[in-house]
Amino acid sequence: MKPRVGLFVTCLVDLVRPQVGFAAVKLIELAGCDIEVPATQTCCGQPAWNSGADKHAADIARQVVDAFESFDYVVAPSGSCAGMLRIHYPELLKNDDAYATRARSLAAKSHELISFLVRVRGMKDVAARSNVRACYHDSCSSLRENGVKTEPRTLLASVNGLELSELKEPEVCCGFGGLFSVKYPEISERLANDKIADAQATGADTLLGADLGCLLHLAGCMEKQGKAMKVRHVAEVLADIHGPALGEPR
Amino acid sequence: MTASTPQEFPAEAHAALSDETLKVALRRLKTHFALGRQLAFTRYGDMEALREQGRAIRDYALSRLDSLLESFERQVKSRGGQVHWARDAKEARDIILKILRETGAKTVTKGKSMVSEEIALNPFLEANGMHPVETDLGEYIIQLRKEPPSHIIAPAFHLSKEQVAETFRESHTELDPRRSLEERTTLVLEARRMLRAQFEAADAGITGANFLSAEEGAAVIVTNEGNGDLTRLLPKTHIVLTGIEKVVADLDDVSVLLRLLTRSATGQDISSYVTVMLGPRNAKEADGPENFHIVLLDNGRSRLIGTEAEDVLRCIRCAACLNHCPIYGAVGGHSYGATYSGPIGAALNPNLLGVSAARHHTNASTFCGRCAEVCPVKIPLPKIMRYWRAREYASGLAPKAMTFGLGLWAFAAKRPALYRFFSATVAWTLRKLGGKKGHVHALPIMNGWFAVRDFPAPQGKSFHHLWAHRK
């Protein structure tokens, strides 16, 4: 019997880039799983948790536990949302008698999309084609909360026509940081500019990443400054789903 | 220059971001400190095991803080030293002034001490007729410039060597104007020439301590300039000022922490000098102070024990978190307007200065987690910053607009059907506003976003809508 995967769509994918959700569905099915999308999900609660609004965050976390605990796996196309479920829910609900254990068990079966495909399902390659020179942005939460580093590179190496180059400072933050990007826009912009300069210096024409927050921020800064680089979620490329990149004219 | 306040962080950061000299200086964080640390860690081998050992040593000490401090005090007293307990900054300043007055001291040399910055000792001593002289090169430079330190271990890190030369020309009035100060070495020699006379004239010396060892009653300092030894050995009176959390069980534990400290701080396998101070000169010793005092400062440290922020007390002040912090690297230490800057400042300052006063320190973080990753004693710095944000939120100190916005958003996020309606509406509206060009340039809301970015237009329909209507 195929494992049942609950797709945690993430609020940004739902709102801005539904094709990332469809890319995730395609990849998870290719990895031999049945996929379902619980209709009672909204957001993982990060904006509340990172702002210290613990009560709001806990309410939302309980809603996610209710919606997803029956699945074999929970998969999110975002390192920070996966990190929220995997690391912060157990902390957030540790004093909630009804939910503490359930939050820990949800955490244990929750994964960031690309690491799920490679580590849990043993995926080694994809049947996709993309004639781009790409570089890959490791989001801090993918890298440090989920330990994802080699997995996207393994799969990207199998994409026909894609050439991947590495940033000089892949471990440095791009300056998004959720609400930080709105609270301290100038500092956020400086970090984005450093990241964009690093990406452009690779000679790549496309910037890929697994966290839509970072990507919206970087694409938005590039647009404002008139810098030409395409920005896409890595799942789109791996699932062979194309169309205009983030912020590109339609 | 007048020091800024923590509340002025946004304005100070704004100014710092366009300061080209500062930008050049801050770039050295990567080439100088971060790279040095990385090379030192590689040379050592299993630094992860050492970090875990360091964490355990600090946790053990903090769990027995009272008994270790009592043991430390007994040992120091048994060799004729005196131990003073200071509840807060004022008590510490008063104790030090009293010691200096009783010994008739006027000129006081000082080794580098962040705790002395924490209690604002220099202005207090000056106001009371004393003449404090900083002897660490960086501290000496910023004392001449009347600036606070901008970095925990490199207080003048924000300055170029040209700025230092200018400072020396202004302050060392007898300096021959024809003498070149272009090279770093000539700057060092010039500072050395000035400081030698001060060392010889000093009536008392004040140093900090990197560690206290309970079993031996020893205070340990590391320096690279040897100024700590001249400060403590030459004057008649030596005062060690440090925080109560610096104590560990014994010198074996200190040796493990030293391995972590110098590699994490400067990328050195060991600093040029490591000084173990046991008390006043004894009958068999040729030199050393006649009077030896230890001032142990609490200043809010003990009230952290038992809270979710207590792990911050493990800190050994290496500054690796500053050196790897993207925010510190962009705005520099002075923007924080506080003794402790960067991630460690964000974790310490709400307790020292108040949750509200230090709110920018805790909020100006992307939670990228690099600080926790490099911390030699594994302090979960983002977790502690988040704890302070939660305290701020729960106390009603968070900005009203943010609380209101979060409240509205959370109301919808807890009601999936309502949320669906809103997200579909927003997706459709932004799609329309983005038009053919595919991105939204400005909106009357979310000013912080649009100040520096456009918003890539949504694809138009929400995922949940498309999923529900898929064929």
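These legends go with close-up views of a predicted model.

**View 1. Two helices of chain A cross each other, α4(A) and α6(A).** Here you can look at helix α4 (residues 54-68) of chain A packing against helix α6 (residues 100-108) of chain A, at an angle of about 65°. Their axes are 10 Å apart, and the crossing is left-handed. On the α4(A) side, the contact is made by A:A61, A:V65 and A:F68, while α6(A) brings in A:R102, A:A103 and A:L106. Sort those contact residues by type and you get five nonpolar, no polar and one charged.

**View 2. A nonpolar core, with its best-connected members picked out.** The largest nonpolar core has 216 residues. Which of them touch the most other members? They are A:A61, A:V75, A:L85, A:L218, A:L238, B:V295 and B:C321. Helix α12 (residues 212-225) of chain A gives the most to this core, chipping in eight residues. As a rule of thumb, nonpolar side chains tend to be buried together in soluble globular proteins.

**View 3. A closer look at B:V295 and its contacts.** Skip the neighbours within four places in sequence, and B:V295 is still in contact with B:H84, B:A86, B:A92, B:I95, B:I96, B:I239, B:V240 and B:L241.

**View 4. Where chain B meets chain A.** Chain B puts 54 residues into this contact, and chain A puts in 60 residues. On chain B's side, the split is 31 nonpolar, 12 polar and 11 charged.

**View 5. The domains of chain B.** Chain B is divided into domain 1 (1-45 + 305-398), domain 2 (62-248 + 264-299) and domain 3 (410-468). Going by C-alpha atoms, the centres of domain 2 and domain 3 of chain B are separated by 57 Å.

Key: Residues are numbered from 1 along each chain as its sequence is written. Chains are lettered from A and ligands numbered from 1 in the order in which they are written. This is a predicted model: local features need pLDDT of at least 70, side-chain atom pairs count only at pLDDT 80 or more; totals for chains, interfaces and linings use all residues. Axes are lines fitted to C-alpha atoms, for helices over the stretch in contact, and angles run from 0 to 180 degrees between N-to-C directions. Helices (H or I, at least four residues) and strands (E, at least two) are DSSP runs, numbered from the N terminus. A crossing is left-handed if the near helix is turned anticlockwise from the far one by less than a right angle, and right-handed if clockwise. Two residues are in contact if their C-beta atoms, placed from the backbone, lie within 7 Å. Ala, Val, Leu, Ile, Met, Phe, Trp, Tyr, Cys and Pro count as nonpolar, Asp, Glu, Lys and Arg as charged, and the others, Gly among them, as polar. Domain bounds come from an automatic or database domain assignment. A nonpolar core is a set of buried Ala, Val, Leu, Ile, Met, Phe, Trp, Tyr and Cys residues joined through C-beta atoms within 7 Å. A residue is buried if 20 or more other C-beta atoms lie within 10 Å of its own, exposed if 12 or fewer, and partly exposed in between; C-beta atoms are placed from the backbone.
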